[in-house]
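This report is an introduction for a reader who has not seen the structure before. It takes up the sheet, the helix packed on it, the surroundings of the ligand and one loop residue.

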Amino acid sequence: MTLHPSSSSPLTSAATDPATPQLLKVENLDVEFRTRSGTVKALEAVNFAIQPGETVGIVGESGSGKSVTAFTLMGVLDRAGKVTGGSALFQTDRVAVDLLKEPESSLRQLRGKELSMIFQNPRTALNPIRKVGKQITDVLRCHTDLSGAALRDRAIEMLASVRIPDPEKRYDAYPYELSGGLCQRIMIAIALACSPKLLIADEPTTGLDVTTQATVMNLIKDLATQQQMAAILITHDLALASEYCDRIVVMHAGHVVESAPTHSLFQAPRHPYTAKLIAATPEPHKAFADLIPITGNLPDLKATTIPPCRFSQRCDRYDPALCDQAPLVREHLSPDHQVACWKPL
Ligand SMILES: Nc1ncnc2c1ncn2[C@@H]1O[C@H](COP(=O)(O)OP(=O)(O)OP(=O)(O)O)[C@@H](O)[C@H]1O
């Protein structure tokens, strides 16, 4: 896969225009997990926004907080997790709602209809003992007026739209009868059945072979364009994000360290971590020996004192006099480029 930063994303045509109203605006989101061995400060002051029709990649190493961000927005955080601060304003058809404060009954109405999620492992996300066609009609029944044969017809249409061969026959299949790639397409059909405004795809190609990965990503890309849907692509694969996203949000240890249009991020990364991520990402013209691994580990997020800059102990530019200041500075370099660093590149 090539690093493919383009100023106009192939996934959507929406430009990052600061004047365009935001579909989702996440501000100062804090999430903690209570565990037996202490409180994990998983997210701190997470900020980002998405415009209608835009595709945003959230990237970062394992443990950086990508999935916790997605689960929080969907209201499906693990019981041990708690939102301790911030807001997530989502523009529904009628009004703007704060996803972090909505009651579960209202979130249930929004999920599947206005915002949907595709999970990492389709086999575990699908109900193993329910026919896949029925799993699509379940969503349609909740959120549309369709009934009877029209429900089945619409589900078969959705199976066809995600290019499942022989959709009428596959309507009656159980997940275990289908390959991983077909199961992921079923998940996409379920997620998009009600034409949501926002799709969150959490590592949607994990565990799929390279050809199927491309098929699934292109399918998401095509359907997003057709439905004029915004999407968040969560991935540790910067190359994948660069190929499909308008903008990239880089996370490290529960902080957003940089966010910028894909092109600017690759042309001139300003956070030292972003630069290291790019240097560690394989490209066809790069020899294996040219890849520079990122040294050091994420800080212990259970520690009583976590450094204000959670990257400081791995950073070549670390200056204790500057970088240990709290709170961490979060600077707008331009309306659409932010960096959280005292000594940006
Ligand atoms: N149920 C939980 N209990 C305690 N800590 C948790 C729980 N779920 C997540 N965390 C912690 O929250 C932090 C962020 O995890 P998260 O799964 O969001 O990372 P990620 O960037 O999505 O990683 P990956 O790419 O491996 O999925 C990590 O420190 C993780 O250990």
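## The central pair of strands

In this predicted model, strand β1, made of residues 24-35, pairs with strand β4, made of residues 81-91, in the antiparallel sense, and eight bridges link the two. Within this pairing, V26 stands opposite A88 in β4.

Strand β1 also pairs with β2, to which it runs antiparallel and is joined by nine bridges. Here V31 is the residue that stands opposite L43 in β2. The two strands β1 and β2 form a hairpin, with two residues between them.

## The sheet as a whole

These pairings belong to an open sheet of four strands, which follow one another in the order β2-β1-β4-β5 with antiparallel pairing. At the edges lie β2, covering residues 38-50, and β5, covering residues 96-98, each of which pairs on one side only. From one strand to the next, the twist averages 10 degrees. As a general point, the strands of a sheet pair through backbone hydrogen bonds, in either a parallel or an antiparallel manner.

## The helix on the sheet

Helix α1, which spans residues 66-74, packs on the sheet and touches three of its strands, namely β1, β2 and β4. The direction of helix α1 makes about 75 degrees with that of β2.

## Around the ligand

Which elements each supply at least two residues of the shell around the ligand? They are β1, β2 and α1, and of the elements that contribute, α1 gives the most, with three residues. The helix that packs on the sheet is thus also a contributor to the surroundings of the ligand.

In total, 16 residues surround the ligand, and the closest are F33, A42, S62, S67 and V68. By character, the residues of this shell divide into six that are nonpolar, eight that are polar and two that are charged.

## A residue in a loop

Residue T305 is found in the loop between α11, which covers residues 272-279, and α12, which covers residues 320-323. Is T305 buried or exposed? T305 is exposed, because 5 other C-beta atoms lie within 10 Å, and a residue counts as exposed when that number is 12 or fewer.

The position of T305 can also be described relative to Q338, from which T305 is 33 residues apart in sequence. In space, the two residues T305 and Q338 are 25 Å apart, taken from C-alpha to C-alpha.

How values were computed: Residues numbered from 1 in each chain as written. Predicted model: local features only at pLDDT ≥ 70, side-chain atom pairs only at ≥ 80, totals over all residues. Pairing = 2+ DSSP bridges. Axes fitted to C-alpha atoms, helices over the stretch in contact; angles between N-to-C directions. Contact = placed C-beta atoms within 7 Å. Buried ≥ 20, exposed ≤ 12 C-beta atoms within 10 Å, placed from the backbone. Near = placed C-beta within 6 Å. Nonpolar A, V, L, I, M, F, W, Y, C, P; charged D, E, K, R; others polar.
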